[in-house]
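I opened this notebook page to record what I looked up in the structure shown below. The entries are kept short.

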Amino acid sequence: MKTAVIVFPGSNCDQDMYYAIKDGLGEEVDYVWHAETSLDGYDAIMIPGGFSYGDYLRSGAIARFSGIMPAVIKAAKEGKPVLGVCNGFQILLEAGLLPGAMLKNQHLKFICETVNLQVKNNDTQFTKFYANDEIIRIPIAHGEGNYFCDDATLKELQDNNRIVFTYSGENPNGSKADIAGIINEAGNVLGMMPHPERAADALLGSDDGLRLFQSILNHWRESTHAAYTS
Amino acid sequence: MKKVKVFITLKESVLDPQGQAVMQSLHNMDYKNVQDVRIGKYIELQMDDSADVAEQVDTICDKLLANTVIENYRYEVEEEVHS
């Protein structure tokens with residue numbers, strides 16, 4: 001599996017993401033600068049956390065119109081796995097690949113801590129190696145992670161099992177329905193505020209995030225194997 | 001030349017924690033009659049008249065300046081007078 005980690009000016013979790021793929025999975029991974037225009041040849045796309053363009057205007061708003069974004073949208077439409085973490089999630093929302101928007105955290109604080117997440121849907125290509133309702137420990141680090149959507153959108157997310165992760169226990173940022181991560185209708189675009197790449201090795205305090213990347217790899221292997229044999 | 005003044009505000013249905021914090025501060029300053037504070041953005045654009053400015057500004061706001069999931073916008077177009 002060949003993975004692209006998109007790098008914007010202001011990305012700061014790109015290296016964590018890179019090493020989660022390279023060392024955690026032992027798979028091929030490249031940094032792709034935001035000014036590039038093609039993602040041909042990549043099997044999976046990662047949009048890392050950080051403060052792209054200094055969060056000017058709104059988090060993710062300017063990155064959304066970077067040169068690479070048409071290629072990200074194309075990859076998403078083609079069904080390739082696209083994972084947006086933290087600022088990456090914000091960019092996916094701004095790009096309309098996922099519904100809703102981010103508001104400032106309820107208490108206006110930037111929160112940097114490890115939280116308990118509940119896996120709400122393990123029937124996705126990102127979460128197959130988790131159990132439903134399993135509690136996992138994953139760090140968060142954001143000032144604008146207060147997920148907002150209108151009630152019709154929330155109902156659609158709930159009815160179609162598209163809420164993948166929720167905060168367990170105290171909701172750190174005030175997000176609607178305790179949402180920490182959601183998936184698109186087709187099931188190949190996941191956005192989440194918590195950082196699985198920062199929990200991809202026991203040395204980091206938790207390796208609960210590694211299974212997310214292993215799930216992506218497993219799905220890719222199964223789908224390519226199916227393609228070879230069919 | 002046109003000067004476009006764009007005002008972006010949070011929708012009524014969206015809580016504004018910044019506004020709430022500012023209101024609390026105003027109350028602490030004894031401005032007890034302040035009932036609500038909503039914080040928005042003000043953006044100025046200088047545009048030449050080569051295209052339909054109003055139509056362009058609508059698109060610019062929808063696509064980039066405002067996030068219409070959480071924000072409303074309105075704008076005023078003024079003729080820029082050069083001295």
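The entries below take chain A, chain B and the contact between the two in turn.

Entry 1, status. I note at the outset that I worked from a predicted model.

Entry 2, strands of chain A. I looked up how strand 1 (residues 2-7) of chain A meets strand 2 (residues 28-33) of chain A, and found them paired in the parallel sense over six bridges. Within this pair, A:Ala4 stands opposite A:Asp30 in strand 2 of chain A. I then followed the chain from strand 1 of chain A through helix 1 (residues 14-25) of chain A to strand 2 of chain A, and recorded a right-handed β-α-β crossover.

Entry 3, sheet of chain B. In which order do the three strands of the open sheet in chain B lie? I read the order as 2-1-3, with antiparallel pairing. Strand 2 (41-47) and strand 3 (71-79) of chain B are the edge strands, each pairing on one side only. Ignoring direction, I noted an average turn of 20° between neighbouring strands of this sheet.

Entry 4, strands 1 and 3 of chain B. I found nine bridges joining strand 1 (residues 2-10) of chain B to strand 3 of chain B, and the two run antiparallel. Opposite B:Phe7 I located B:Arg74, in strand 3 of chain B.

Entry 5, helix 2 of chain B. Helix 2 (residues 53-65) of chain B lies across strand 1, strand 2 and strand 3 of chain B. I recorded its direction as about 35° to strand 1 of chain B.

Entry 6, contact between the chains. I looked up how many residues of chain A are in contact with chain B: 11 residues of chain A meet eight residues of chain B. On the side of chain A that touches chain B, I listed six nonpolar, two polar and three charged residues.

Methods:
Residues are numbered from 1 along each chain as its sequence is written. Chains are lettered from A and ligands numbered from 1 in the order in which they are written. This is a predicted model: local features need pLDDT of at least 70, side-chain atom pairs count only at pLDDT 80 or more; totals for chains, interfaces and linings use all residues. Two strands pair if DSSP finds at least two bridges between them. Axes are lines fitted to C-alpha atoms, for helices over the stretch in contact, and angles run from 0 to 180 degrees between N-to-C directions. Two residues are in contact if their C-beta atoms, placed from the backbone, lie within 7 Å. Ala, Val, Leu, Ile, Met, Phe, Trp, Tyr, Cys and Pro count as nonpolar, Asp, Glu, Lys and Arg as charged, and the others, Gly among them, as polar. A crossover is right-handed if, with the strands pointing away from the viewer, the path from the first strand over the helix to the second runs clockwise.
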